[in-house]
Amino acid sequence: MQPTFTLGIEEEFQIVDRATRELRSHIQMIMDDQGMLLREFIKEEMHQSVVEAGTGICQDIQQARREVTALRSELARLAISKDLRIAAASTHPFSHWKDQLITPNPRYKNIIEDLQIVARSNLIFGLHVHVGIDDKDILIQIVNEMRYFLPHLLALTSNSPFWIGRNTGLKSYRSKVFDKFPRTNIPDEFSSWAEFEGFVNLLIKTNCLDNGKKIWWDVRPHAFFNTLEVRVCDLPMRVDETIAVAALIQALVAKLYSLRARNLGWRRYRRDLIMENKWRAIRYGIDGKLLDLGKMTEVPTRDLIYELLAFVDDVVDDLGSRDELKHIEWILEHGSGADRQLEVYKQSNDLKTVVDYIVHETHRGLDLGENAGAILPVTLAGSSDDYDD
């Protein structure tokens, strides 16, 4: 029986002081005020200046949009009530990781003990998208095939050009920060679920980890759910961007499944060649070129993403996500989050203005009620149209 390709979306937000635009280790202020109903969906992370919002199991992309929008809206309202703001970008433009407090939680204590400064300096914010597949043997094969598309997704979502007050020259510096962790990046292939399970069990047996959640690959079978989890993406600024990327990931999984159901499959490529493309995505985002490994040539990344949209087109209507996928073209035309951050910095030469822009974009399309007027950042007041559509 064909999977329903259910969705789950997790977004990790920055907690920012409205006045200074710096990160603030104030997760507990938000957690203490949230209603009991939300405790399942809003979670603390290792650094206290990070808050994660995760949907439930969504049957389609429309439900996912409703839940992502509702969770962002509630988080925004809670932050505003404390004179804080949430911001959707994968690194903060100038705050330093050494100034952030660690959440007092046994799990995070163990990670810090194990990884030391590698964990303490891992002040990054990501987007994780789950797609439901119950058959584990098919799941692991689609994980193998999805690896090829990870650089495309990273380029599209690249949104972390600044680090500790510097323009890094990279569109996704988050990716290089996370590289320091063990068991990250693009995984090797696995011939079967049994081989993957044996790999995980060996790591557990030899005390490398206590469960599969400490495998942090760019795409992985989730340790506890029957989902394929894509973890390569930077966190986009707008809800529309998050939903478009989630819809594209879902469509890719559905397309690869449909090929397999017809006794076909996507050609697999060497991990080191895919890693070449990942580096290009990190460095240049959608402004660069990727290797078309089938044609053995360089192709502009934007062209390959348009090809990707054509590749999944025949499954989009069945998934009901055609409208949502239109925003991928908006990103290709207007730039990724990194491109837009860099343009604001070029115009203002002020990283606080960049933070204001991120905050402004993060709150687009949210239901803030009486708090709506409180969001317009200080330095964008009266001039936000400079950075509009």
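At 43% relative accessibility, Asn167 counts as partly exposed; buried means under 20% relative accessible area, exposed over 50%, and partly exposed in between, with a 1.4 Å probe and protein chains only. This is a predicted model, in which local features need pLDDT of at least 70 and side-chain atom pairs count only at pLDDT 80 or more, while totals for chains, interfaces and linings use all residues. Residues are numbered from 1 along each chain as its sequence is written, and side-chain values use heavy atoms, with hydrogens and water left out.

Asn167 belongs to strand E7 (residues 166-167). Helices (H or I, at least four residues) and strands (E, at least two) are DSSP runs, numbered from the N terminus. Not counting residues up to four places away in sequence, Asn167 touches Pro161, Phe162 and Leu342, where contact means heavy atoms within 4.5 Å. Leu342 is 175 residues from Asn167 along the chain, yet 8.4 Å separates their C-alpha atoms.

Two residues other than glycine with positive phi values are set out below.

| Residue | Phi | Loop | Relative accessible area |
|---|---|---|---|
| Asp83 | near 60 degrees | between helix H2 (61-81) and strand E4 (84-87) | 45%, partly exposed |
| Asn263 | near 65 degrees | between helix H9 (239-261) and helix H10 (271-284) | 72%, exposed |

A positive phi, of about 55 degrees, also occurs at Met296, in the turn of the hairpin that E10 and E11 form with four residues between them. Strands E10 (residues 289-292) and E11 (residues 297-300) run antiparallel and are joined by four bridges; two strands pair if DSSP finds at least two bridges between them. Lys289 has Pro300 in E11 as its bridge partner.
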